[in-house]
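This report covers how the two protein copies meet and which residues lie around one DNA strand.

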Number of protein chains: 2
Amino acid sequence: MPITLKQLSLLAGAHPSTVARVLHADPRQRVSADLRERILTLAREHDYRPNSVARSLRTKRTAVLGVLIPDIANPFFAGALRGMEDAAAEREYSVILANTDDQPTREAHSLALLRDRQVDGLLLATARLHDPAIAQLQADGIPFVLVNRHTDPITPNSVVPDDYAGGVAAVEHLLSLGHRRIAHIAGAQDASTGYLRAKAYRDTLKTAGADQFPDQDALLVRGSFREQGGYNAMTELLALRERPTAVFAVNDLAALGAIHAITAAGLRVPQDISVIGFNDLFHASHMTPSLTTMQVPIHMMGVRAAQRLLDMVVDGVAPEQPLLLPVTLIVRDSTGPAPQTNTSSHARKPSGARTRHAD
Amino acid sequence: MPITLKQLSLLAGAHPSTVARVLHADPRQRVSADLRERILTLAREHDYRPNSVARSLRTKRTAVLGVLIPDIANPFFAGALRGMEDAAAEREYSVILANTDDQPTREAHSLALLRDRQVDGLLLATARLHDPAIAQLQADGIPFVLVNRHTDPITPNSVVPDDYAGGVAAVEHLLSLGHRRIAHIAGAQDASTGYLRAKAYRDTLKTAGADQFPDQDALLVRGSFREQGGYNAMTELLALRERPTAVFAVNDLAALGAIHAITAAGLRVPQDISVIGFNDLFHASHMTPSLTTMQVPIHMMGVRAAQRLLDMVVDGVAPEQPLLLPVTLIVRDSTGPAPQTNTSSHARKPSGARTRHAD
DNA sequence: ACAGTGTAGGCAATCGATTGTTCACCCCTC
DNA sequence: GAGGGGTGAACAATCGATTGCCTACACTGT
C-alpha cells in the first residue's frame, strides 16, 4: 500500500538510486537542485516511508533491540523495561520483548528467535552467575548488556544495582536499631542479586560480631524472589527456638510474604520483628506497614543499560567498566528498634521516609 | 556469521531453491530421499537458521505485532502486555513495544514507526472514543485490535472490560451497603473506560432514585486514571458542605489517591467513607485498608486481544462481535455500611474476599 | 524408434533499498 | 579539435529467502 522507492523514481523520471541519494541526503550526491526539489516534493506528497525490512536486509541493521526479561508483569522489570524503551526511542530504536519466567528452555528459545530476527543487540535481565547462553553470545560476538544481574566474574557490559553495598547498608540499618538476631531470606544463589545480598549479609554480621549464635546458620534461609518464597522462609524462621528480631529479605516481594507470615502468626511488624526489603517497588510505600527498603534506581538502570548497548551497537564504543548503580536506604515503618527483653518500650519511628546513600 | 541458504546450497551441491524447498517441507517438492537427507543433515550440522528479515521482505510478513501502550510501568498494562506476549509467542510471533504516555504526538510517531517496520498487526491500548489515528488505520486496512479502550461506536475488533456492567455493580454494591450520597471520581471522558464507568454511575443512581441531592452534580468529579488525580478529586469532595459517604473511583490508582486524601483529612476508610476501585491491580490486596474493587481479567484481556489479532492476520478471520470481558466484584475492607447519622455503630465486614460476577 | 509422461532439480525473478562504479555530456584548454 | 576534468545521473550488484516456471533425463508403451 505505501509507495516504494521504485514507484517514486518512476514518478520522478529518475533512477531509484538517485531518489535514494536525495532522500538520504547522501553527502556524495551530485543531483541538480531542480531534480532534487522534484523528488523531495513527490516524496512528501506521497508520504514516502522507506520499508525498514528492505533497508535492514541491505544494511544489516534493524534498529531493534531484543529484551529478555523473566516476567514483565513484575513491576520491577516493567520499570526497567520502560527505561530501556525510553532510551531506545530516543535514538529511533525499538525494543522487542520476550518473557522467560526464568526457565532456561524458554530463554534459549527466545534468544534464538531474537537472533533470527537480526536484532542489533540484546538486553538481558535473566543472567545467572554461570550462564552458558550468555557465554555463547559472547563467543558469537553479539552485542549485549546485562541488566540487574551479572555473571561471574562481572563483565564490563553489566548495569546492575550495587547489591553488595545495599546488602551491607540494609544489615547495618538493622544493627543500628539494636538488632542482633538478624535473619536473611535469600534469593536464588545462582543470580548475582541473590548471591551478593546474601554475602553482604554474612560479611556484615561477621564484621559486627553478631554472628555468634548457636543456630546462626539457620538464620540464613533459602527463599525466592517472590512472595511465596518469602512467606515460606519466614514460616521456617518463626519455627526456630529463638526467632530473629529482624529480617533482611532479598527483595520487596519476599519481604511482603514475610510480613504476611509474621502477622499470620499473630506477631507485629516492627514491634516484634523488623523487616527490610530491597528494590522499593512503587507500591512498597502503600503497604501496611509501609516497607523499609533499599531503593534501586530501576528506571535509570534500564536507561543506562540501553544507552550502553546503543553506544556499542551504533557508535562501536564498548564500556570499560561495569556500572554499579547506587542504592539508597529508605526508612519507613517496617523496621524499628529491637524489642527489649526486659522492657515493653516499643518506640516507633516517624513514618516520613529518611534516606541516605548506601555507598 | 550464521550460515545462509546459499552457502548451504553450495555445501550440498544443490540449488538454493532446492534447499529451501527441502527445509520448508514444500508439499510440491520433488527431491530424492538421498539429497533431502544430505541437505537436512548439513542444515543441522551448521545450525542453519533462516534470516527472518530476508524472509519478511519476500513474504511480506514479519511475524511481529506492534503494541501501543500508555505506560508499561503501569502494572495494569504490564499485565495486559504479558498476556499479549504469551498469546503471540504461542504462535511464534513477537511483540514490539512503544509507550505513548497518552500523548497523541508520541502515539502518531510510534504508530508510523511500527508501520515502517511492517508489523503484521497492531494492538492498541491507547484508543480514545474519537480517535483520528485509529480511523486512519481502519482506512488503510491495517489489521488491529483495540484493548481495554474502544472507540465510539464500539467496533468488533475490540477486547475490553465490561465497564458499564462493572460500574453498575460497583455502585450497586455501595447502595446495598446503605450508601446514598455516593460520589464518583471519573477518568478521562474521551476514553471508553472513563466514559462508561461514569455513565454507569449516573444511570445506576438514577434508577435507584439516589441522585436527588441538591448538589448531586458536584458528586461526580473529574479525576484521572492516576493517583494524583484521585487525591485531588477526593480533596474536592471532602470540601463539600455534605460530603459523600462512599466513593466509586474510576480505577485502583485513583482509589488509592482518594484513600490518601481521606486519611490525610483525619477520616477513616471505610468507617467514615467507603471507597471502591476498579481493575484489581495485584497490589490492591496489600494495601491498608485492602481495596474493594472490580476485578478485570487483565492477563486474559491481553491474551484474547492477541489471539483475535492473530486470527485476523494469520487466518484471515475477522471478529464479528466485540469481546466484553466480565468483571467481578471483589469485596475487601475499603467498603462498609453507610455511617448511621444517629448512631456510632461502625460495623466492619470480615476481610476475606467475597466475589460475585458483575453480569 | 518415438511420442508420452513423470520425476528430480535448476533458473531466474522478486521483495525494496543501498551503494560502488560507470557513463554520457558539457565546457575548457592548448 | 583532441584530450582533460567536472557534473549529473544511470547501472547493476548486492542483502537472503521464496516460488512460479522450465528443463533435462529416464522410463513406458507401442
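## Shared surface

In this predicted model, 100% of the interface residues of chain A are also interface residues in chain B, so the copies meet through the same surface. Chain A gives 34 residues to the contact and chain B gives 34 residues. On the side of chain A that touches chain B, at least two residues each come from H4, helix H5 (75-90), strand E2 (94-99) and helix H6 (104-116). H5(A) has the largest share, with six residues. Sorted by class, this side of chain A holds 16 nonpolar, 11 polar and seven charged residues.

## Strand pairing and symmetry

E2(A) and strand E2 (residues 94-99) of chain B run antiparallel and are joined by three bridges. A:Leu97 has B:Val95 as its bridge partner in E2(B).

A turn of 180° with a shift of 0.0 Å along the axis lays chain A on chain B with an RMSD of 0.1 Å. The two copies are therefore related as by a two-fold rotation axis. The C-alpha of A:Ile96 is the one in chain A nearest the axis, at 2.1 Å.

## Surface near DNA strand D

There are 26 residues around DNA strand D, and those that come nearest are A:His15, A:Ser17, A:Arg30, B:Leu5 and B:Ser17. The class counts for this surface are 11 nonpolar, nine polar and six charged residues.

Both chains supply helices here. From chain A, helix H2 (16-24) and helix H4 (52-59) each give at least two residues. From chain B, helix H1 (5-12), helix H2 (16-24) and helix H4 (52-59) each do so.

Note on methods: Residues numbered from 1 in each chain as written. Chains lettered and ligands numbered in written order. Predicted model: local features only at pLDDT ≥ 70, side-chain atom pairs only at ≥ 80, totals over all residues. Near = placed C-beta within 6 Å. Helix = DSSP H or I, 4+ residues; strand = E, 2+ residues; numbered from the N terminus. Nonpolar A, V, L, I, M, F, W, Y, C, P; charged D, E, K, R; others polar. Contact = placed C-beta atoms within 7 Å. Pairing = 2+ DSSP bridges. Least-squares fit on C-alpha atoms with pLDDT ≥ 70 in both.
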